[in-house]
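Student: Could we go through this model together? I'd like to see how each label gets earned.

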Amino acid sequence: MSYIWTLAEQANGHLKQVSFELLTRGRKLADSLDTKLASLLIGNGVSAEALRELIQSGADEVYYVEDPRLASFSCETYSNIMVELIKTYQPHTILAAATSSGRTLMPYVAVKVKTGLTADCTELDIEETTGNLLQTRPAIGGNILATIKTPNHRPQMATVRPKSTRPPEPDADRDGKIINVPFKEEWLDGRVEFLGYRKDAGDFENIEEADIIIAGGKGMKKAENFKMLRRLSDSLEGMVGATRDAVDRGWIGYSHQIGLSGKTVSPKLYIGAGISGSIQHLAGIKTSEIIVSINNDPEAPLHKIADFAIVGDLFNVLPELQKRLEGGK
Ligand SMILES: Cc1cc2nc3c(=O)[nH]c(=O)nc-3n(C[C@H](O)[C@H](O)[C@H](O)COP(=O)(O)OP(=O)(O)OC[C@H]3O[C@@H](n4cnc5c(N)ncnc54)[C@H](O)[C@@H]3O)c2cc1C
C-alpha cells in the first residue's frame, strides 16, 4: 500500500505549527489503511532536531529537500520537486495546509500530475470498501457539507484548514527515517527571483496564531471605531479580527477576516462585538475555547453559541470592559 503524505511548511528554518496539525490528520488516515505516513519538507536550514519532531509527532518517514534557494516559497520550483517525488514514490494521498502557499502550490501540482484536489477540507476519512479518501468541506456558502472523492486518479490531494485540528502529543520514543533528498539544479525555476515579502500597508496580522482575539462586525458602524477593539486587544495582548462585512467596507484589512472565506482561528478567548454570527463567520471560530458575544440583539446567533452572551450596546460595553481591564479588575 502506498503512503499517506503530508506537506510540512517552514519559515526561516522553523517548522510551522500546521506541519504538526497535518500529522494528526495523516496519522489517522495511515492507520485506517494500515500504511505509513511520510512528511515532505522543502526548505533550508531546518535542524535535524526539528525534523525528528515530525517523527515524534507521527511521521514514519520525513523527506527533506534542502537548499538555500528553497528557503522561500516558490510555486514553480516547489512544484517541480513535488511532481518528481510523486512520480518516484507514488503516494496514495497528499495533505497540505490551506495556507497561502498550500493553496497556491497544491492546485498547480494536481494539474501537473493529472489528479483531483479538494480545497479547505474540514474532515477527512477513508471509505472502508474502496480505500478512497472522503474529503469533506463546507459548500454553497457553508450551508451544506459536501463529501468529495477522487476514485479514478492518484494521488488523492486535499488541503486542510490551519487550526482545524490540534497537533499530536509528541512521543520522544517514536522511531522513523529521515531521508535527505539530493537537490537537483533543474528543479529551480529560472524565471522567478525572490526579492522579499511585503506586508500589506502595516495592516497585516497573523491572527491564526493569536491566543486572544477581539473581533468586530458591521455593528462597529465605522472604521474609526475599530480603534476601540485595538485598544482592548492591546490591553489583553491579543489581536483584532473582523467579519467579512467589516472587511468589505474597508474598515480593516483582509488579513483580519475570520470565517469561511477568511481565516480559521482557534484562540483561548474570542470576543465578538457587533457580529451577528452568520454560519460563514462561525465556521472560522468554532474551535475557540471561550466565546464571548456582545450584541444588542438578544436573538443574535452568536449569542446562542457563546459561553458568555452580553446583551447590550457595544458602545457602552467595550469602554466599560476597557475601564475595568485598565483598573486591573
Ligand atoms: C460564500 C460566502 C462566504 C462568506 N465568508 C464570510 C467570512 O469568511 N467571514 C464572515 O464573517 N462572513 C462571511 N460571509 C458573510 C456572512 O454571510 C455575513 O454577511 C457576515 O458574517 C455578517 O457580518 P456581521 O456579523 O458583521 O454583520 P451583520 O450580520 O449585519 O451583524 C451585525 C450585528 O451587529 C449588531 N449590532 C448593531 N449595532 C450594535 C450595537 N450598537 N451594539 C451591539 N451590537 C450591535 C446587530 O444586532 C447585528 O447582529 C460570507 C458569505 C458568503 C455568501
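Tutor: Here come the labels, one by one.

Tutor: This is a predicted model, where local features need pLDDT of at least 70, side-chain atom pairs count only at pLDDT 80 or more, and totals for chains, interfaces and linings use all residues. Residues are numbered from 1 along each chain as its sequence is written, and side-chain values use heavy atoms, with hydrogens and water left out.

Student: Why is glutamine 135 called buried?

Tutor: Buried means under 20% relative accessible area (1.4 Å probe, protein chains only). Glutamine 135 has 0%, so it counts as buried.

Student: What makes the pair of glutamine 135 and threonine 150 a polar contact?

Tutor: A polar contact is a pair of N or O atoms within 3.5 Å; within protein, one must be able to donate a hydrogen and the other to accept it, and residues adjacent in sequence count only if both atoms are side-chain atoms. The two side chains make theirs at 3.3 Å, so the label fits. A polar side-chain atom of glutamine 135 also lies 3.4 Å from the backbone oxygen of leucine 133.

Student: Which backbone atom is 3.2 Å from a nitrogen atom of the ligand?

Tutor: That's an N or O atom of asparagine 296. For glycine 274, a backbone N or O atom lies 3.1 Å from a ligand oxygen, and for glycine 262 a polar backbone atom is 3.3 Å from one.

Student: How much of the ligand does the protein bury?

Tutor: Alone, the ligand exposes 980 Å² (Shrake-Rupley method, 1.4 Å probe), and the protein buries 78% of that.

Terms used
Buried means under 20% relative accessible area, exposed over 50%, partly exposed in between (1.4 Å probe, protein chains only).
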